[in-house]
Amino acid sequence: MQKKTREAIAKLPLSEIVLETDAPDMPVCGFQGQPNRPERIAHIVNAIALLKGISIESVTEATTLTAHELFKIPS
């Protein structure tokens, strides 16, 4: 993740973040030159957890809830 991206994510409330993979077009840091894969979203979750000083579970729960609310997906 670039510095500007990290700074923006650190400032954003977790309730305003929805995760998606950009697969296959945007590789995750450390996988440049390879197509992105949906299972690599775990790397993004981990990075957000570290930036915000919270658990991976907290990131997963909050972003899942936000996606359900945004896209009107029943829980």
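Hi everyone. Let me start with a definition: a salt bridge here is a side-chain nitrogen of Lys or Arg within 4 Å of a carboxyl oxygen of Asp or Glu. Please keep that cut-off in mind, and remember as well that what we are looking at is a predicted model.

With that in hand, how many salt bridges does the structure hold? There are 2. One of them joins the side chains of K3 and E7, with an N to O distance of 4.0 Å. Have a look at where these residues sit. Both belong to helix α1, which covers residues 3–11, and because they are 4 residues apart there, about one helical turn separates them. As for the surroundings, K3 is exposed, at 63% relative accessible area, while E7 is partly exposed, at 38%.

The other pair is R37 with E39, and here the closest N and O atoms are 2.6 Å apart. R37 has a relative accessibility of 43%, so we count this residue as partly exposed. As a general reminder, side chains of opposite charge can pair when their charged atoms come close.

While we are on charges, let me give you the totals. The protein chain carries 8 positive and 9 negative side chains. How far apart do the centres of the two sets lie? The distance is 8 Å.

Now let's step back to the fold. The chain has 3 helices and 0 strands, and reading along the sequence gives you α-α-α. The radius of gyration is 13 Å, close to the 11 Å that the globule rule gives for 75 residues, so the chain is as compact as a globular protein of that length. If you like to think in boxes, the C-alpha atoms fill one of roughly 35 × 25 × 20 Å along the principal axes.

What about the inside and the outside? Of the 75 residues, 20% count as buried. The accessible surface comes to about 5400 Å², and carbon and sulfur atoms own 59% of that. Turning to contacts with a separation of 6 or more, 47% are between residues 24 or more positions apart.

L19 gives us a nice local view of such contacts. You will find L19 in the loop between α1 and α2, the latter being residues 41–52. Which residues does L19 touch, leaving aside its neighbours within four places in sequence? The partners are I41, I44, V45, I48 and T63. Take V45 in particular: L19 and V45 are 26 residues apart in sequence, yet their C-alpha atoms are 8.3 Å apart in space. At 23% relative accessibility, L19 itself counts as partly exposed.

My last stop is K72, in the segment after α3, which spans residues 56–70. What should catch your eye in the backbone here? K72 has a positive phi, about 55°, although this residue is not a glycine. K72 is also exposed, with a relative accessibility of 69%. If you measure across to P27 on your screen, 45 residues away along the chain, you should get 28 Å between the C-alpha atoms.

So, to leave you with the picture: a predicted model with an α-α-α pattern and 2 salt bridges. Thanks for listening, and I'm happy to rotate the view for anyone who wants a second look.

How values were computed
Residues are numbered from 1 along each chain as its sequence is written. This is a predicted model: local features need pLDDT of at least 70, side-chain atom pairs count only at pLDDT 80 or more; totals for chains, interfaces and linings use all residues. Side-chain values use heavy atoms; hydrogens and water are left out. Helices (H or I, at least four residues) and strands (E, at least two) are DSSP runs, numbered from the N terminus. The radius of gyration is taken over C-alpha atoms; the globule rule is 2.2 Å times the number of residues to the power 0.38. Buried means under 20% relative accessible area, exposed over 50%, partly exposed in between (1.4 Å probe, protein chains only). Contact means heavy atoms within 4.5 Å. Accessible areas come from the Shrake-Rupley method with a 1.4 Å probe; for residues, only the protein chains shown count as cover. Lys and Arg count as positive and Asp and Glu as negative; His and the chain ends are not counted. The place of a charge is taken as NZ of Lys, CZ of Arg, CG of Asp or CD of Glu.
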